[in-house]
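Visitor: Please choose a single part of this structure and take a close, unhurried look at it with me. I would like to know how its residues are placed, and how that part is connected with the rest.

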Amino acid sequence: MISLTWIIVIIAILLVIVYIAVYNGLQKAKVYTDESWSQIDVQLKRRNDLIPNLVETTKGYAKHEKETLENVVHLRNQLTNIPSDDHAQTLKVSNQISDALKSIFALSENYPDLKANQNFLKLQEELTNTENKIAYSRQLYNSSAALYDQKLLTFPSNIVAHIHGFKKVDYLQTNESEKEVPKVKF
C-alpha cells in the first residue's frame, strides 16, 4: 500500500510540473507578443527605406508641394530616432507618416507626368503593399497581446504571472482620424 508520504511527494511533483508548464506558457505568449511587435518594426523600417526614393521621384514633378515632401522626410527621421521600446510614440509617428504618404499619392492626380512615371508607380505599389503588411502585423500583435493578457487574467496562470512580475501589454489602437466616416461630396 502506498504511504501518505509517497502521495504527498507525487502531488508535489505534479504541482511542480503544472507550475513549470504554466510558466513556460506565459513565457511563450510573451515571446510571441514581442515577436509580433518586431514584425511591425520590420515593416516600418521597410517603409522608411522606400520613402527617400519616393520623395526623390516626386520632387521633380511636384515642385510646389515641397512642404508635403519635407513633412514626410521629417516624420521619417523622427521615427528613426524614437527608442525601440516606445511603442506608443512609434505608432503615433507611423500613423502620421501613413497620412502624409496618402497626401503624396493624392498629388499624382494633379501631376499627370508623375502619375505616368513607372518608378513612382512602382514605389506607390511597394508602399501600398508595405502599408497592408503593417496593418496585418498590427492585427497579429493585437491577437498575440490578447492571448498573452488572457493568460495573465486566468487561473492558475495569473498566480504564476503575479509571482514572476509579468505585466499586461497594451493593444494597438486605431487612430481617431481613421475611425471617422469619410466625407463624400456629390
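**A close look at helix α1**

Guide: D49 is partly exposed, with a relative accessible area of 43%, and this residue is a good place to begin, though please keep in mind that we are looking at a predicted model. D49 forms a salt bridge with K45, and the closest N and O atoms of the pair are 3.0 Å apart. Both residues belong to helix α1, which covers residues 4-59, and they stand 4 residues apart, or about one turn of the helix. As a general matter, side chains of opposite charge can pair when their charged atoms come close.

Between D49 and K45 in the numbering we find R47, whose side chain meets that of E131 in a salt bridge of 2.7 Å, counted from N to O. R47 lies in helix α1 while E131 lies in helix α5, so this pair ties together parts that are 84 residues apart in sequence. The two partners are also covered to differing degrees: R47 is buried, with a relative accessible area of 0%, whereas E131 has 22% and is partly exposed. The value for E131 may look low for that label, but buried means under 20%, and so at 22% E131 counts as partly exposed.

Let us now go to T33, another residue of helix α1. Is T33 buried or exposed? With a relative accessibility of 1%, T33 counts as buried. If we set aside the neighbours within four places in sequence, the residues in contact with T33 are Y141, S144, A145, Y148 and V169. The next residue, D34, has its place in helix α1 as well, yet D34 has a relative accessibility of 41% and therefore counts as partly exposed. D34 and S137 are 103 residues apart along the chain, and their C-alpha atoms are separated by 12 Å.

V169, which we met as a contact of T33, is also touched by D149, together with K168 and Y171, when residues up to four places away in sequence are not counted. D149 lies in helix α5, and its relative accessibility of 4% makes it count as buried.

Toward the other side of our helix, K59 also lies in α1 and, at 42% relative accessibility, counts as partly exposed. K59 and A21 are 38 residues apart in sequence, and from C-alpha to C-alpha they are 57 Å apart in space. Set this beside D34 and S137, which are 103 residues apart along the chain with 12 Å between their C-alpha atoms, and you have two pairs worth finding in the structure view.

It helps to place helix α1 within the whole. The protein chain has 7 helices and 0 strands, and along its principal axes the C-alpha trace spans about 90 × 35 × 25 Å. Its radius of gyration is 24 Å, while a compact globule of 186 residues would have one near 16 Å. Of those 186 residues, 33% are buried. Among contacts between residues at least 6 apart in sequence, 74% join residues that are at least 24 apart.

The salt bridges we visited belong to a set of 6 found in a search of the whole structure. One of them lies elsewhere, where K102 forms a salt bridge with D99 and the closest N and O atoms are 4.0 Å apart. K102 and D99 are 3 residues apart in helix α3, which covers residues 87-110, and about one helical turn separates them. Over the protein chain there are 21 positive and 21 negative side chains, with the centres of the two sets 2 Å apart.

Finally, let us follow α5 (118-153) to the loop that comes between it and α6 (157-164), for that loop holds P156. Most peptide bonds are trans, but the peptide bond from F155 to P156 is cis, with omega near 0 degrees.

Notes:
Residues numbered from 1 in each chain as written. Predicted model: local features only at pLDDT ≥ 70, side-chain atom pairs only at ≥ 80, totals over all residues. Heavy atoms only, no water. Helix = DSSP H or I, 4+ residues; strand = E, 2+ residues; numbered from the N terminus. Rg over C-alpha atoms; globule rule 2.2 N^0.38 Å. Buried < 20%, exposed > 50% of the residue type's maximum accessible area, 1.4 Å probe, protein only. Contact = heavy atoms within 4.5 Å. Lys, Arg positive; Asp, Glu negative; His and termini not counted. Charge placed at Lys NZ, Arg CZ, Asp CG, Glu CD.
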